[in-house]
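Biologist: Could you choose one part of this model and take me through it closely, giving the cut-offs behind each term as you go?

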Amino acid sequence: MFTAVTVGWVVQIAMTPEETHGLAFVADFWLLLLSTVGAALHCLFSYPSHPKGSGETA
């Protein structure tokens, strides 16, 4: 999912002019927001905070 959003954002950036308005601007904004928040959430929730099964703290 994250890769699809990032690829969509890169394609959108390549196809829109620098000073854009309206729907193209909204699409750029949401794709950037989704890719940024998606990366942050992926890092927060996909990696364990401590090793499992060892009983010791890192």
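**A close look at the second helix**

Modeller: W30 has a relative accessibility of 46% and therefore counts as partly exposed, a class that lies between buried (under 20% relative accessible area) and exposed (over 50%), with a 1.4 Å probe and protein chains only. The model is predicted, so local features need pLDDT of at least 70 and side-chain atom pairs pLDDT 80 or more, while totals for chains, interfaces and linings use all residues. Numbering starts from 1 along each chain as its sequence is written, and side-chain values use heavy atoms, without hydrogens or water.

Across the whole structure, one aromatic pair is found. The ring centres of F29 and W30 lie 5.4 Å apart with their planes at 75°, so this pair is edge-to-face (centres within 6.5 Å, using the six-membered ring of Trp; planes under 30 degrees apart are stacked, over 60 edge-to-face, the rest tilted). F29 is itself partly exposed, because its relative accessible area is 44%.

Both rings belong to a nonpolar surface patch made of L23, F25, V26, F29, W30, L33, V37, L41, L44 and F45, which together have about 1100 Å² of accessible area (Shrake-Rupley, 1.4 Å probe). Patch members have over 30% relative accessible area and no salt bridge, and nonpolar side chains are joined within 5 Å; a salt bridge needs a Lys or Arg side-chain nitrogen within 4 Å of an Asp or Glu carboxyl oxygen. F45, one of these residues, is exposed because its relative accessibility is 67%.

F45 sits in helix α2, which covers residues 23–46 (a DSSP run of H or I, at least four residues; strands are E, at least two). The 24 residues of α2 should span 34 Å at 1.5 Å a residue, and its end C-alpha atoms are 33 Å apart, in agreement; the expected span is 1.5 Å times one less than the number of residues.

Within α2, the buried residues include D28, L31 and S35. S35 is buried because its relative accessible area is 8%, and its side chain reaches the backbone oxygen of L32 at 3.0 Å. An α-helix has 3.6 residues a turn, so residues three or four places apart point the same way.

As for the surroundings of α2, the protein chain has two helices and zero strands. T6 lies in helix α1, residues 2–15, and is partly exposed because its relative accessible area is 26%. The C-alpha atoms of T6 and G38 are separated by 9.7 Å, although these residues are 32 apart along the chain. Buried residues make up 12% of the 58 in the chain, and of the roughly 5000 Å² that the chain exposes, carbon and sulfur atoms supply 71%.

Key
Patch = residues over 30% accessible without salt bridge, like charges linked within 9 Å, V, L, I, M, F, W, Y side chains within 5 Å. Polar contact = N/O pair within 3.5 Å; in protein donor to acceptor, adjacent residues only side chain to side chain.
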